[in-house]
Amino acid sequence: MSYQQERYIAELAVQRACLLTQKVFFEKAKGTVSKDDKSPVTIGDFGAQALIISAIRKNFPNDEIVAEEEASSLREDKDLSAEIWRLVKDIKLDDAESDNLLGGPLASEQSMLDIIDNGNSAGGPKGRIWALDPIDGTKGFLRGGQYAVCLGLMVDGDVKVGAIGTPNLPVDDAATIDASTGAQQSETAGNGVLFSAVQGEGATSRPLASGGLTTSKSISMRPVAKISDAVFCEGVEAAHSAQGDNAAVAERLGITAPSVRLDSQAKYCSIARGAGDIYLRLPVKKDYQEKIWDHAAGDLIVREAGGQVTDIYGNRLDFSKGRTLATNKGVVASPKALQDQVIDAVKVVLKL
Ligand SMILES: Nc1ncnc2c1ncn2[C@@H]1O[C@H](COP(=O)(O)OS(=O)(=O)O)[C@@H](OP(=O)(O)O)[C@H]1O
Ligand SMILES: [Mg+2]
C-alpha cells in the first residue's frame, strides 16, 4: 500500500501549523518577551497541535495520535486558552481547496481543547498511530533559530510517512548555517522548507510557502569520500546530548571541522539534504528515554534519503514500544556506508 494520501495531508497539516508558529513568533516572541518566557512556546505548541490533530481527525478518523501536549492546564487557564483561540481561529492555507482538505477552520475554542486531548494515545506495536511534535526545538523557536513542526505515521510500529516543516531553514540546500548558533532569521527571503518521505518511495523537500506536491524535489544525503571530511550536526542544548562525547567521536573519525549546532529535527533534515553528514545525539543522562515524536519523522526522512539511523549500539530506533523509544539509547545517523564506522567510534568513546 502506498501512503501518498497520508503524505499529502501530513504536508498540508504541517504547513498550516507552521503558519501559526510564525504568527506566534512575530507577535509574541520577537523582541517583546525575554527568551525565558515560556508563553510563546505554550501558545504555539497547543495551537499547532490542535490544527494538526483536527486535520488528521478529518481525513483519518480512526487513527490514533501520540502528541506531546494535553489540554488539562489550558482548561484551568481561561486567559491562555482564549489567547490561543484568538491566534488559531483565523489560520488557513492560502489555497482554499487545500484548506478544505484539512477541514477548514476549527469550530470553537471548546472543540480546540477537545481536539488537543486527542493526542493521548499510548502508542504501541499495532495499528495506525501518528506521532506529533507541534514545536520541536522549543529553545530554538524562542531564540529565532531552528525549530520544526514534526509529524510521522507509524503502522504496526513502523514509520511509513514523515513530514517536517522547518520555517527557519534556508530553502537553498547549499546555504551555510552559522556553525555556532544555527540561527537563520525567519524574515529573510528564502527561508522555510517542508520535508517529507514515504517508506520505500524516497524523501523530498519543497519551499514551505509553496502549495501542493508539484514543486517537491527529491533529496539525498551527499556522498562522503573520506569520513574525515564529514560535517557533523548536534543539538544546541548541552543537556540534551553530550557535546564532549560527540566531539570525541568526531575526533576519532578524524573530523576536524567544528560541529554545526541546530535545535530540533532540523538536524535530520539538514543531513538528509546534504547540508551536513552525521547527526550525533549521545546521551547525557543514562536513564532518559527519547520521545517518539522527537524522532519518528526525521528517522524516515534520513533513511529514505540514503542514510541509516540507529541508537548508540547500532540498533534501529524502535517506535513500537509506546510513547518513548524505551529500548534505545541516543541517536546516531549518517550515510549508510559510514554508519558502521561511526558506531564503532561511538562504542570506543562510550566504552560500550
Ligand atoms: N535529557 C534529555 N536528553 C535528550 N533529549 C531531551 C532531554 N530532555 C528533553 N529532551 C528532548 O529534546 C528535544 C529537543 O531536542 P533538540 O535536538 O532540539 O535538542 S537541542 O536543544 O538542540 O539540544 C526536546 O523537544 P522539545 O521539547 O520539543 O524542544 C525534548 O523532548
Ligand atoms: Mg520535541
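How many bridges pair strand β11 with β12, and in which sense do the two strands run? Select residues 307-310 for β11 and residues 331-335 for β12. The pairing has 4 bridges and is antiparallel. Keep in mind that this model is predicted.

**Stop 1: strand β12**

Start with one facing pair: Thr 310 stands opposite Val 332 in β12. Now add residues 278-281, which form strand β10. This strand is also antiparallel to β12, and 3 bridges join them. Here, look for Tyr 279 opposite Ala 333. Is β12 enclosed or open? All 5 of its 5 residues are buried, so the strand is largely enclosed by the rest of the structure.

**Stop 2: the two domains**

Color residues 3-218 as domain 1 and residues 227-350 as domain 2, following the domain assignment. Their C-alpha centres lie 23 Å apart. The contact between them takes 40 residues from domain 1 and 30 from domain 2. Next, select β4, residues 158-170. Strand β4 gives the largest share of the domain 1 side, 6 residues. By class, that side has 20 nonpolar, 15 polar and 5 charged residues.

**Stop 3: ligand 1**

Select ligand 1 and show what surrounds it. The shell has 18 residues. The closest are Gly 137, Gly 235, Glu 237, His 240 and Asp 263. Which domains supply the shell? Domain 1 and domain 2 each give at least three residues. Highlight β2 (128-136) and α7 (138-142) too, since each supplies at least two. Finally, color the shell by class: 4 residues are nonpolar, 6 polar and 8 charged.

Notes: Residues are numbered from 1 along each chain as its sequence is written. Chains are lettered from A and ligands numbered from 1 in the order in which they are written. This is a predicted model: local features need pLDDT of at least 70, side-chain atom pairs count only at pLDDT 80 or more; totals for chains, interfaces and linings use all residues. A residue is buried if 20 or more other C-beta atoms lie within 10 Å of its own, exposed if 12 or fewer, and partly exposed in between; C-beta atoms are placed from the backbone. Two strands pair if DSSP finds at least two bridges between them. A residue is near a molecule or strand if its C-beta atom, placed from the backbone, lies within 6 Å of it. Ala, Val, Leu, Ile, Met, Phe, Trp, Tyr, Cys and Pro count as nonpolar, Asp, Glu, Lys and Arg as charged, and the others, Gly among them, as polar. Domain bounds come from an automatic or database domain assignment. Two residues are in contact if their C-beta atoms, placed from the backbone, lie within 7 Å.
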